[in-house]
Amino acid sequence: MPTHQSLGGASDEDLLQRMVVTHPERFDAPFWAFFDAQVGGRLPPRPVIMDLGCGPGLLLRDLGERRPDATLLGYDVTPAMIAYGRHLTFKPASVTLAVHDVAATPLPLADATVSLASMSSVLHVFDEPLPTLAEIRRVLAPGGMFLLNDWIRQPLATYLAWRRDVMNESGPDALRRAFRLFPVHNKYTVEDWRWLLGEARFEILAQAELRASHRIFVATPTR
Ligand SMILES: C[S@@+](CC[C@H](N)C(=O)[O-])C[C@H]1O[C@@H](n2cnc3c(N)ncnc32)[C@H](O)[C@@H]1O
């Protein structure tokens, strides 16, 4: 599988810093309003919450602030991400952060044990997403939810303008990087994501476009 290094030309440390710096704007008030309205109320007592491709673990930390009774599980293929997460302070007592390549190895979890599985800006990287979606389906408990938040296709001019105006990127290196990332970030349309979820036997419960670059879905396995 191509790594984010080959795709974006960034080192693990660069990507880690980017994820940390942009975390507050990516997981902002509209995100939490959507989460509270569509996910929070559907969680059982003492939920098991997994973030797949958890990066630096900041979303998992924030989820634990909301649900101190949760068991938190974070998996990421990049050791630097997991190392960063292990230095965070979590409210819940039970937190597991582990290096794991979900594209290569099944999750170290029993069937039907997870209340909420989250993937944020991760699935678009995978060569073939369906085996990972099947693995998420396997670990979700009855009534469990899958929170998928990922890039959606934008026209080239819109994407370049977004990187310039929203990401505040400028100069020849940034432009080269933007062109390299364009096919990575603009791989799937909203319809493609909906089709993939259906193909993997998920029913969409809610969705929103909280940012022009991303679509967020709440889905649950169909029976
Ligand atoms: C763009 S970052 C997003 C990180 C985090 N979800 C966030 O939103 O801050 C993508 C993450 O996916 C991880 N990743 C990529 N392929 C993976 C795989 N096969 N298994 C587990 N993690 C993976 C990368 O290491 C990276 O941390």
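Reader: How many salt bridges does the structure hold?
Author: This is a predicted model, and the structure holds 14 salt bridges.

Reader: What makes E169 and R18 a salt bridge?
Author: The closest N and O atoms of E169 and R18 are 3.2 Å apart. The cut-off is a Lys or Arg side-chain nitrogen within 4 Å of a carboxyl oxygen of Asp or Glu, so the pair counts. The pair links distant parts of the chain: E169 sits in the loop between helix 7 and helix 8, R18 in helix 2, and they are 151 residues apart. Along with R163 and R177, they're linked in a network of salt bridges.

Reader: Why is E169 called buried, and why is R18 called partly exposed?
Author: E169 has 14% relative accessibility, and buried means under 20%, so E169 counts as buried. R18 comes in at 26%. Partly exposed runs between 20% and 50%, so that's the label R18 gets.

Reader: How do you know that D192 and R153 tie together separate parts of the sequence?
Author: D192 forms a salt bridge with R153, with the closest N and O atoms 3.5 Å apart. D192 lies in helix 9 and R153 in the loop between strand 5 and helix 7, so the pair ties together parts that are 39 residues apart in sequence. D192 is partly exposed because its relative accessible area is 27%, and R153 is partly exposed at 45%.

Reader: What about E191 and R194, where do they lie?
Author: Both are in helix 9, three residues apart, about one turn of the helix. Their closest N and O atoms are 3.6 Å apart, and the limit is 4 Å, so this is a salt bridge too.

Reader: Why does E191 count as exposed?
Author: E191 has 53% relative accessibility, and exposed means over 50%, so the label follows. R194, at 34%, is partly exposed.

Reader: How do you know that R137 has no salt bridge?
Author: The nearest side chain of opposite charge, E203, is 9.1 Å away. A salt bridge has to be within 4 Å, so E203 doesn't qualify. R137 is in helix 6 and is buried.

Reader: What does the side chain of R137 have around it, then?
Author: A polar atom of the R137 side chain lies 3.0 Å from the backbone oxygen of R201. R137 also touches A200, F202, P221 and T222, among others.

Reader: Which residues make the nonpolar surface patch?
Author: L156, L175 and F179 make a patch of about 260 Å². F179, in helix 8, counts as partly exposed because its relative accessibility is 43%.

Terms used: Residues numbered from 1 in each chain as written. Predicted model: local features only at pLDDT ≥ 70, side-chain atom pairs only at ≥ 80, totals over all residues. Heavy atoms only, no water. Helix = DSSP H or I, 4+ residues; strand = E, 2+ residues; numbered from the N terminus. Buried < 20%, exposed > 50% of the residue type's maximum accessible area, 1.4 Å probe, protein only. Lys, Arg positive; Asp, Glu negative; His and termini not counted. Polar contact = N/O pair within 3.5 Å; in protein donor to acceptor, adjacent residues only side chain to side chain. Contact = heavy atoms within 4.5 Å. Patch = residues over 30% accessible without salt bridge, like charges linked within 9 Å, V, L, I, M, F, W, Y side chains within 5 Å. Areas by Shrake-Rupley, 256 points an atom, 1.4 Å probe, with all protein chains shown as cover. Lists of a residue's contacts leave out its neighbours within four places in sequence.
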